[in-house]
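The following exercises ask the reader to work from the coordinates to a description of helix packing, burial and backbone geometry. Each task is followed by a solution in steps.

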Amino acid sequence: MAEITPLTQRAAWRALTAHYEQIKALHLRTLFAQDPRRGERFVAEGAGLYLDYSKHRVTDETLRLLLSLAHECDLRGHIDAMFRGDKINITEGRAVLHVALRAPRDAAIFVDGNNVVPEVHAVLDRMSSFAGRVRSGEWKGFTGRPIRNVINIGIGGSDLGPVMAYEALRHYATRDLVFRFVSNVDGTDFAEATHDLDAAETLIIVSSKTFTTLETMTNARTAREWALATLKDEAAIARHFVAVSTNEAEVSRFGIDTANMFGFWDWVGGRYSMDSAIGLSTMLAIGPENFRLLLAGFHEMDEHYRTTPFERNLPVLMGLLSLWYNNFFGAATVAVLPYDQYLRRFPAYLQQLTMESNGKSVTLDGTVIADYQTGPIYWGEPGTNGQHSFYQLIHQGTRLIPCDFIGFGRSLNPLGQHHDLLVSNIFAQAEALAFGKTAEEVEVDGVPAWLVPHRTFEGNRPSSVILAEQLTPQVLGALVALYEHSVYTQGVLWNINPFDQWGVELGKVLAMRIIPELESASPPDLKHDSSTNALIRRYRAMRGRS
């Protein structure tokens with residue numbers, strides 16, 4: 001690997017450090033007073049999304065230096081390498097081509113000399129055919145009854161994406177089917193998902209690339225037992241289970257007809273897979289046509305990211321702003337605040353996308369990062385609930401928390417003044433965060449002197465506002481791709497690998513060692529620490545196994 005100049009030694013980083021010292025106390029009130037057109041200039045638009053980033057603590061010079069840093073880190077070269085199919089996931093020796101999952105049929109994207117786009121569309125066509133048969137009632141269960149319930153069993157990217165997409169696009173979903181999602185190995189998750197369902201009318205999707213994932217396969221085997229308790233015949237499994245996997249042998253051994261196995265590829269990371277066969281439950285819910293609109297939205301943002309100059313490039317700008325607050329202001333978190341009830345699971349989805357991707361502490365060459373922070377913590381809730389919960393801390397707390405507000409011009413469920421009230425809160429919250437309320441303004445309201453400090457708002461709290469016309473499948477695709485590419489932008493600048501997740505593995509390995517110890521009466525393994533051994537003994541006693 002060619003030697004790369006450490007991030008903090010780059011000229012643009014040093015210039016940003018000096019620039020930060022000059023403007024760190026500059027207030028947004030001043031920035032807007034100095035530039036009456038700021039709210040019209042600090043905006044960008046693409047793929048159906050409008051980004052207002054004027055309420056960020058940046059000047060033209062800040063943006064110039066951040067863009068210089070992007071150029072010094074060869075962001076353009078890294079973007080091209082990803083779209084080209086280069087093996088940029090160097091720790092696993094893989095290409096990273098979630099962009100191929102939504103490429104049009106006539107595109108050509110190569111991995112090891114093979115154009116993967118025809119393979120992608122072959123799977124999409126099989127998914128469409130299957131979804132059409134289930135939705136129309138042509139596909140029957142083992143007893144000849146149509147499917148009325150769908151359970152998706154997965155974990156991580158095989159669950160968070162499908163759950164989020166189903167909730168986000170529920171307006172477009174058929175109401176003839178009930179959808180449930182099981183991911184937690186806690187038996188309660190499965191029990192609650194199935195307690196009111198009839199196995200004779202239920203289709204179960206088992207989503208596991210290897211078909212060996214502990215939590216997923218534990219739930220899948222429980223689902224198998226649950227189904228057979230009603231259907232009584234092993235042959236029923238082939239009519240009530242389908243697989244999203246690459247392990248044909250294990251799928252067949254489970255009893256699933258491999259004709260009903262939908263595959264994907266090692267160049268698709270779990271948290272980037274909701275638009276692959278992992279999205280089968282989404283397609284069953286919203287139909288093949290709407291699913292292809294979802295893919296079109298992804299692709300439109302892909303092309304925006306790939307071709308738009310950085311100064312007008314939404315994912316690049318969002319990535320640079322995140323770095324600016326994380327690395328210079330010490331902001332440890334980002335709040336994502338969608339003002340649409342359908343997006344209530346969107347922040348949870350982003351938690352995996354952002355933190356599993358950029359939660360890394362070594363650079364691509366294995367050097368420990370000692371002089372800057374990487375991935376911030378992403379979190380949030382839909383508005384307006386959050387306003388009566390954690391917004392107090394954002395407005396008047398001691399921590400700086402940049403916010404992304406997400407809103408829509410038109411509601412999918414227009415009721416009286418509801419939507420105007422909802423959107424007014426987006427604009428009001430962003431305005432209040434930026435400009436606050438001074439002590440003088442509070443005093444003018446006649447507030448007693450002793451109460452003035454409590455009623456004063458410092459302001460100068462940064463936020464973005466992202467607007468779209470309406471929450472459609474296409475807009476959802478663009479919105480997810482916006483954050484995907486913002487995450488990659490940050491990873492490139494921090495010189496880390498956003499596409500592996502070795503930190504997930506250690507706990508899994510240790511759990512496999514502990515499971516038989518919980519079920520045994522023998523002394524715990526002395527290789528454990530005293531705390532773990534004491535906990536094992538206490539758990540055994542609770543279970544009557546001591």
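A residue counts as buried when its relative accessible area is under 20%, as exposed when it is over 50%, and as partly exposed in between. The structure shown is a predicted model.

**Exercise 1. Determine where Ser-322 lies, whether Ser-322 is buried or exposed, and which residues Ser-322 contacts.**

Step 1. Ser-322 belongs to helix α14, which covers residues 314-329.

Step 2. The relative accessibility of Ser-322 is 9%, so this serine counts as buried.

Step 3. With neighbours within four places in sequence left aside, Ser-322 is in contact with Val-334, Pro-376, Tyr-378 and Gln-490. Gln-490 also appears among the α20 residues in the next exercise.

**Exercise 2. Describe how helix α15 packs against helix α20: the angle, the distance between the axes, the handedness and the residues in contact.**

Step 1. Take α15 as residues 346-358 and α20 as residues 473-494; the angle between them is about 20 degrees, and their axes are 10 Å apart.

Step 2. Angles under 35 degrees count as roughly parallel. The helices α15 and α20 are therefore roughly parallel to each other.

Step 3. The crossing of α15 past α20 is right-handed.

Step 4. On the α15 side, the contact is made by Phe-346, Tyr-349, Leu-350, Leu-353, Thr-354, Ser-357 and Asn-358. On the α20 side, the contributing residues are Leu-479, Val-480, Tyr-483, Glu-484, Val-487, Gln-490, Gly-491 and Trp-494.

Step 5. Sorted by character, the residues of this contact of α15 with α20 comprise nine nonpolar, five polar and one charged.

**Exercise 3. Carry out the corresponding analysis for α7 and α15.**

Step 1. Helix α7 spans residues 157-168, and it packs with α15 at an angle of about 150 degrees, the axes being 9 Å apart.

Step 2. Angles over 145 degrees count as roughly antiparallel. Helices α7 and α15 are therefore roughly antiparallel to each other.

Step 3. The crossing of α7 and α15 is left-handed.

Step 4. The residues that meet are Gly-157, Leu-160, Gly-161 and Met-164 in α7, and Phe-346, Ala-348, Tyr-349 and Gln-352 in α15.

Step 5. This contact of α7 with α15 divides into five nonpolar, three polar and no charged residues.

Step 6. Now compare the α15 residues of the two contacts. Phe-346 and Tyr-349 appear in the contact with α20, and Phe-346 and Tyr-349 appear again in the contact with α7.

**Exercise 4. Locate Gln-470, Leu-535 and Ala-439, and assign each to an accessibility class.**

Step 1. Gln-470 sits in the loop between β13 (463-468) and α20. Its relative accessible area of 15% makes Gln-470 buried. Residues up to four places away in sequence not being counted, Gln-470 touches Phe-408, Arg-410, Ser-411, Leu-412 and Val-475.

Step 2. Leu-535 is part of helix α22, residues 530-542. At 56% relative accessibility, Leu-535 counts as exposed. Its C-alpha atom is separated by 47 Å from that of Gln-9, and the two residues are 526 residues apart along the chain.

Step 3. Ala-439 is in helix α18, residues 439-444. Its relative accessibility of 26% places Ala-439 in the partly exposed class. When residues up to four places away in sequence are not counted, Ala-439 touches Val-452 and Thr-456. The C-alpha atoms of Ala-439 and Leu-317 are separated by 34 Å, for a spacing of 122 residues along the chain.

**Exercise 5. Identify where the cis peptide bond is found, and examine the positive phi values of Phe-211 and Asn-460.**

Step 1. The cis peptide bond joins Gly-383 and Thr-384, with omega about 10 degrees. Thr-384 lies in the loop between β11 (377-379) and α16 (391-396).

Step 2. Phe-211 is not a glycine, yet its phi is positive, at about 60 degrees. Phe-211 is placed in the loop between β7 (202-207) and α9 (214-231), and it is buried, with a relative accessible area of 2%.

Step 3. Asn-460, also a residue other than glycine, has a positive phi near 60 degrees. Asn-460 is in the loop between α19 (452-455) and β13, and it is buried at a relative accessible area of 4%.

**Exercise 6. How many disulfides does a search of the whole structure find?**

Step 1. The search finds zero disulfides.

Step 2. Consider the accessibility of two cysteines. Cys-73 is buried, with a relative accessible area of 6%, and Cys-403 is buried, with a value of 0%.

Note on methods. Residues numbered from 1 in each chain as written. Predicted model: local features only at pLDDT ≥ 70, side-chain atom pairs only at ≥ 80, totals over all residues. Heavy atoms only, no water. Axes fitted to C-alpha atoms, helices over the stretch in contact; angles between N-to-C directions. Helix = DSSP H or I, 4+ residues; strand = E, 2+ residues; numbered from the N terminus. Parallel < 35°, antiparallel > 145°, perpendicular 65-115°, else oblique. Left-handed = near helix turned anticlockwise from the far one by under 90°. Contact = heavy atoms within 4.5 Å. Nonpolar A, V, L, I, M, F, W, Y, C, P; charged D, E, K, R; others polar. Disulfide = S-S within 2.5 Å. Buried < 20%, exposed > 50% of the residue type's maximum accessible area, 1.4 Å probe, protein only.
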